[in-house]
Amino acid sequence: MESKVSLQATFWYSFFFLTIPFFLTFVLLYLLRSKFRCCNCEICTNYLLSGWSREFKNICDWYTHLLQNSPRQTIHIHVLGNTITANPDNVEYILKTKFENYPKGRPFSMILGDFLGKGIFNVDGDLWLFQRKMASLELASVSIRNYAFEIVDTEIKCRLLPLLTSAAKSTDGGLIDLQDVFRRFSFDNNCKFSFGLDPGCLESSLPISVFAESFDLASKLSAERAMATLPLVWKIKRYFNIGTEKNLKEAIEVVNILADEVIMQKRKLGFSTNQDLLSRFMACITDDRFLRDIVISFILAGRDTMASALTTLFWLLASHPNVVSKIREESNRVMASNQESASYEQIREMHYLHAVVNESLRLYPPVQFDSKFAMEDDVLPDGTLVRRGTRVTYHPYAMGRMERIWGIDCMEFRPERWLENGTFCPISPFKCPVFQAGIRVCLGKEMSLVEMKIVALSVVRRFDVKIVPPEVSPRFNSGLTAMLSGGLQAEIRERVIAA
């Protein structure tokens, strides 16, 4: 009898899990056909059938092409219910003038909800305002700035430079994947700054960190949710706990267990003398789950964005030796001849270096687009009608390539466009919203820029970097952050400096 029951249970279990993929495929095809019937315009057809890929390496380049050729610098992807704009007036309207009508919205919160919970980058309203005020007070302090600078400086001196020196002396020609190096570098820094935890990912052996791997997987699979044409598919998989949604759940559990352990240990051992963000927030928040959501959000926001920014910066520098020479000349004027690394004050004096970093971010923003959802019907400044519930996306990647904003040389890497008589001149953030703009502008903007500058300066003063093989244009993986497909293989050589 027991054997019969067991056999029946096995049969139904197998039938159930064999049926689900066919059911999901049927639903997907049906919904795709339904959407296609709803709109057969050229843009939607190219999107659904990936027709854009015949001419463009990246979908962001296709969007750029469409926006460049739009009289309003605004387009519609009807099958996604998405209005995309590269018009600075629209961007200012969305991020500042009518901020209350364009929150992140429930659709976005659902995508990252399992991973980020109620963290600052996944909420609106009072929850966002509370975290914003708290984070603003902490990140604006001189002590936290000095703490962040010290973390980055130490990671550069003790791990990044020794690793690059080792690569330069290796027998395989000094080849190393700079994107992988910068992801490890950024993860170490962000964990130390946010958690007070050092995962040691950039140790010379380049160890595999279970926390880092799980964090990467959770980020990747959450991003795949955001890129899905039909959200219903991942929601069904989540409900049945199968496929990528099962993998996402398991990865998040690993991250949460470690984060909970760190919080518990801090509660037990005391945190009042610690400098990291978690310790600072623990003084006024008693809900440990909420604390975990906040800190994981900060790690996610700072980790891949910094790695992406540094990777594309060095990709550009490798093909512009004249820019590298000018960075070195400027640093020689500001720093003493025997000085190993620049101070925070010296970094601020280097206007050309600041222009280089901003020019790199203009062309290759780590977050290529950002979306909000309209709460009520509205009309954008360019006359575009926006219906309630419409996804409204502004596109920093495309904006960096708009001739109407940057002139006919908009596709060129030319740091001098940011300088006037050698002094850096900022542009309206609504024309270059790399760090967002308006009310929700990135609180870590200044620290991020300083980190990019100190890394760039430390590396170019000691090494020559050559990309192998040289690429005419980068190819990006799909995701929330612009990471290069296949990484960035580079040849590292120590500089020979004349006495």
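Colleague: Why does Asp 260 count as partly exposed?

Modeller: This is a predicted model, and in it Asp 260 has a relative accessibility of 33%. Buried would need a value under 20% and exposed one over 50%, so a value in between is called partly exposed. By that reasoning, 33% makes Asp 260 partly exposed.

Colleague: What makes the contact between Arg 292 and Asp 260 a salt bridge?

Modeller: The closest N and O atoms of Arg 292 and Asp 260 are 3.2 Å apart. The rule asks for a side-chain nitrogen of Lys or Arg within 4 Å of a carboxyl oxygen of Asp or Glu, so 3.2 Å qualifies. The pair links distant parts of the chain, with Arg 292 in helix α13 (residues 288-318) and Asp 260 in helix α11 (residues 243-269), 32 residues apart. As for Arg 292, a relative accessible area of 11% means that this residue is buried.

Colleague: How many salt bridges does that rule give?

Modeller: The count comes to 30. Behind the rule is a simple idea: side chains of opposite charge can pair when their charged atoms come close.

Colleague: How do you know that Lys 192 and Glu 155 form a salt bridge, and which parts does the pair tie together?

Modeller: Their closest N and O atoms are 2.8 Å apart, and the cut-off is 4 Å, so the pair passes. Lys 192 belongs to helix α8 (residues 178-194) and Glu 155 to helix α7 (residues 142-169), so the bridge ties together parts that are 37 residues apart in sequence. Lys 192, at 15% relative accessibility, counts as buried, and Glu 155, at 1%, is buried too. Both residues also belong to a network of salt bridges that links Glu 155, Arg 159, Asp 188, Lys 192, Asp 198 and Glu 203.

Colleague: Where do Asp 180 and Arg 184 sit relative to each other along their helix?

Modeller: They are four residues apart in helix α8, which separates them by about one helical turn. Their side chains meet in a salt bridge, at 3.0 Å from N to O. Asp 180 has a relative accessible area of 29% and is partly exposed, whereas Arg 184, at 15%, counts as buried.

Colleague: What makes α8 largely enclosed by the rest of the structure?

Modeller: Of its 17 residues, 15 are buried, so the label fits. The reach of α8 from first C-alpha to last is 24 Å, close to the 24 Å expected at 1.5 Å a residue.

Colleague: Why say that Asp 177 caps the N-terminal end of α8?

Modeller: A side-chain oxygen of Asp 177 lies 3.1 Å from the backbone nitrogen of Gln 179. The limit for a polar contact is 3.5 Å, so that distance qualifies. After α8 comes Gly 196, whose phi is positive, near 80 degrees.

Colleague: Is Ser 204 buried or exposed, and how do you know?

Modeller: Its relative accessibility is 66%, and the threshold for exposed is over 50%, so Ser 204 is exposed. Ser 204 lies in the loop between α8 and α9 (210-227). Its C-alpha is 8.8 Å from that of Leu 160, 44 residues apart along the chain.

Colleague: What category does Glu 491 fall into, and why?

Modeller: Glu 491, in strand β11 (residues 489-494), has 24% relative accessibility and counts as partly exposed. Glu 491 and Leu 164 are 327 residues apart in sequence but 9.8 Å apart in space, C-alpha to C-alpha.

Colleague: Let's turn to the pockets. How much space lies in the second largest pocket, and which residues are closest to its centre?

Modeller: The space is about 470 Å³. Among the 25 lining residues, His 354, Asn 358, Phe 424, Lys 445 and Leu 449 are the closest to the centre. The lining divides into 14 nonpolar, seven polar and four charged residues.

Colleague: Which element gives the most to that lining, and how does its span compare with what it should be?

Modeller: α19 gives the most, with five residues. Its 16 residues should span 22 Å at 1.5 Å a residue, and the end C-alpha atoms are 23 Å apart, which agrees. α19 is also mostly covered, with 12 of its 16 residues buried, Leu 449 being one of them.

How values were computed
Residues are numbered from 1 along each chain as its sequence is written. This is a predicted model: local features need pLDDT of at least 70, side-chain atom pairs count only at pLDDT 80 or more; totals for chains, interfaces and linings use all residues. Side-chain values use heavy atoms; hydrogens and water are left out. On a 1 Å grid over the protein atoms alone, a cavity is a set of points where a 1.4 Å probe fits but cannot get out, and a pocket is an open set with protein on both sides within 12 Å along at least five of seven lines; lining residues have an atom within 4 Å of a point. Grid points are joined across faces, edges and corners, and a volume is the space filled by probe spheres set on the points. Helices (H or I, at least four residues) and strands (E, at least two) are DSSP runs, numbered from the N terminus. Ala, Val, Leu, Ile, Met, Phe, Trp, Tyr, Cys and Pro count as nonpolar, Asp, Glu, Lys and Arg as charged, and the others, Gly among them, as polar. Buried means under 20% relative accessible area, exposed over 50%, partly exposed in between (1.4 Å probe, protein chains only). The expected span of a helix is 1.5 Å times one less than its number of residues. A polar contact is a pair of N or O atoms within 3.5 Å; within protein, one must be able to donate a hydrogen and the other to accept it, and residues adjacent in sequence count only if both atoms are side-chain atoms.
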